[in-house]
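Good morning, and thank you for joining this meeting. I would ask you to look at the structure on the screen, and I shall then go through selected features of it in turn.

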Amino acid sequence: SGFNSIGHMDTMLRQRHHIGHYKEGEEFIQNVFHVLFLLVSGKEKSNLTICWLQYEISKVLQCLQTKNKKKLKAQGRKSKKLAKNLLKAPDNRNHLSLWKLYAYLEWLLGNIDDARKVFDTALSMAGTGGLKSPQLCSLSLLYAQLEVELLESLEGAVTSRAVHILTKLTESVPYVPYSGQVLSVSILKARKTYEHALQDYLSKTPVPDQDQVNDANQLVNLVGCYALFQYLTVGIDAAVLIYAQTSEKLEAQGPQKCENTGENFGIQNFPTALEAVTLLHTNLLRFHMKISVYPLNPLREALTEALKRYPSNQSLWRSYIHIQRKSHSASKARRFFDGVTRSTNSLEPWLFAIQAEQMRKKLTENVQRADVGEIHSTIPETGLTNRIVALFEHAVQSENGTHCPLLWRMYLNFLV
């Protein structure tokens, strides 16, 4: 039924329906997975299984974003059924990355207690590798991050479940589920262990023959766990200090040759360790601002620095747009977008610059149409339409923009 049956067009709104996954496109993608599954084995098969589960999670996230409860329930049932079937396969029973994704899926669907059981089971199964085991670190980091997001303030965080998870990770003993308390002695020991582990990691010289992708991932997970641990037990400044030290060290080593080969077990694939550490840093600052009073400037500076270096990182752009929406002055953001688009070939800066202006236009229109007698427009903006058209014109003239169907569709959609 036409070319639009496959792929996402979730930047567009058509009438009141949010465009998601079309039925035909969905069938096609499922068929691809089923056919590929019969053709591959071993490492490729486990990578494919991870992709499949990540794809299911992306659909659940889409339902959550559109706040469609009915659709979420139906999608949740399908995704859980698939996840359970994949985990039943003999090769996958001890596959920690799959357990991690399954637990995350349960968590997203709001089944917090079930998700905790899955996480606890996976951690108990994972053995006693401690900080030396990449998959164990990755699993503990996600579990702790999700737990931290449930906190409403940092009061009493020292005895929270997240601290228990991060402390147990350093002990190299079989995991014991949370019983409601964390010993102060354990916290002190864990801090020392993290400190030494990070120093060892940063001071070791890279060996050419070693698997550098996993090495980089392991460093990112270690830094994430340590910084989160410090955040919960000491405070935000202690966590930021760890990110700053790590970034400094990684910058000094120069660009690392750890191009991603799809072997990252996280929910997102990271091209470099430094980029991933920056992302953890900005996400923690955003979270901290949500639960307590904290100045905006450190986050704004961290984001602008990071985006100059990684202009195609969508998560960083999303955070940047999110904080810029709070400011009524658009000129600073516009200058920044302009600078980045001049210095890079990637399309993301154009797409996000357009999105930022469209949000501003929507906000202005909502204010001006407010039915409250005499109107004082809070944002005196004129010519936003012309500005957006000019941005589209420049974007479609760039080398990558000319060949981007999404950009052309957005342009047509806007003109309509």
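I begin with one residue, Tyr320, which counts as buried because its relative accessibility is 2%, below the 20% limit for that class. Please keep in mind throughout that this is a predicted model, so every value I quote is computed from it.

Tyr320 belongs to an aromatic arrangement. The structure holds 15 aromatic pairs. One of them joins Trp317 to Tyr320: the ring centres are 6.0 Å apart and the planes stand at 80°, so this pair is edge-to-face. Both residues lie in helix α13, which covers residues 314-324, and they are three residues apart, about one turn of the helix. Trp317 is buried, as is Tyr320.

Tyr320 has a further aromatic partner, Phe337. That pair is also edge-to-face, with 5.8 Å from centre to centre and 80° between the planes. Here the pair links distant parts of the chain, since Tyr320 is in helix α13 while Phe337 is in helix α14 (residues 331-343), 17 residues apart. Is Phe337 buried or exposed? Its relative accessibility is 8%, so Phe337 counts as buried. Taken together, ring pairs link Trp317, Tyr320, Phe336, Phe337 and Phe352 into a cluster.

Let me now step back to the whole chain. The secondary structure comes to 18 helices and two strands. The protein has 416 residues, and buried residues make up 47% of them. If we take contacts between residues at least 6 apart in sequence, 60% of these join residues at least 24 apart.

In soluble globular proteins, nonpolar side chains tend to be buried together. In this model, the largest nonpolar core has 113 residues. Which residues have the most contacts inside it? They are Tyr194, Tyr231 and Leu407. Helix α9, residues 212-233, gives the most to this core, with twelve residues.

Tyr194 deserves a separate word. Once its neighbours within four places in sequence are left aside, Tyr194 is in contact with Leu131, Leu166, Leu169, Thr170, Leu222, Cys225, Tyr226 and Phe229.

Helix α9 also contains Asn221. At 13% relative accessibility, Asn221 counts as buried. Leaving aside neighbours within four places in sequence, its contacts are Pro134, Cys137, Ser138 and Leu141. Asn221 and Ala276 are 55 residues apart in sequence, and their C-alpha atoms are 9.3 Å apart in space.

I turn next to helix packing. Two packed helices are described by the angle between their axes and the distance between the axes. The axes of helix α4 (residues 96-108) and helix α6 (residues 134-149) come within 9 Å and cross at roughly 10°. Angles under 35 degrees count as roughly parallel, and α4 and α6 are therefore roughly parallel to each other.

On the α4 side, the contact is made by Leu96, Ser97, Lys100, Tyr104 and Trp107. On the α6 side, Gln135, Leu136, Ser138, Leu139, Leu142, Leu146 and Glu147 take part. By type, the residues of this contact divide into seven nonpolar, three polar and two charged. Ser138 of α6 appears here in the contact with α4, and Ser138 is also in contact with Asn221.

Another polar residue is Gln62, which lies in helix α2, residues 42-65. Is Gln62 buried or exposed? Its relative accessible area is 10%, so Gln62 is buried. Gln62 and Leu72 are ten residues apart in sequence, with 8.7 Å between their C-alpha atoms.

Finally, I should draw attention to two backbone values. Lys67 has a positive phi of about 55°, although it is not a glycine. Lys67 is placed in the loop between α2 and α3 (69-88). With a relative accessible area of 70%, Lys67 is exposed.

The second case is Ser172, whose phi is near 50°, again a positive value in a residue other than glycine. Ser172 is found in the loop between α7 (161-170) and α8 (184-203). Where Lys67 is exposed, Ser172 counts as partly exposed, at 40% relative accessibility.

That concludes the presentation, and I thank you for your attention.

Note on methods: Residues are numbered from 1 along each chain as its sequence is written. Side-chain values use heavy atoms; hydrogens and water are left out. Rings of Phe, Tyr and Trp (its six-membered ring) pair if their centres lie within 6.5 Å; planes under 30 degrees apart count as stacked, over 60 as edge-to-face and the rest as tilted. Helices (H or I, at least four residues) and strands (E, at least two) are DSSP runs, numbered from the N terminus. Buried means under 20% relative accessible area, exposed over 50%, partly exposed in between (1.4 Å probe, protein chains only). A nonpolar core is a set of buried Ala, Val, Leu, Ile, Met, Phe, Trp, Tyr and Cys residues joined through side-chain atoms within 4.5 Å. Contact means heavy atoms within 4.5 Å. Axes are lines fitted to C-alpha atoms, for helices over the stretch in contact, and angles run from 0 to 180 degrees between N-to-C directions. Angles under 35 degrees count as roughly parallel, over 145 as roughly antiparallel, 65 to 115 as roughly perpendicular and the rest as oblique. Ala, Val, Leu, Ile, Met, Phe, Trp, Tyr, Cys and Pro count as nonpolar, Asp, Glu, Lys and Arg as charged, and the others, Gly among them, as polar.
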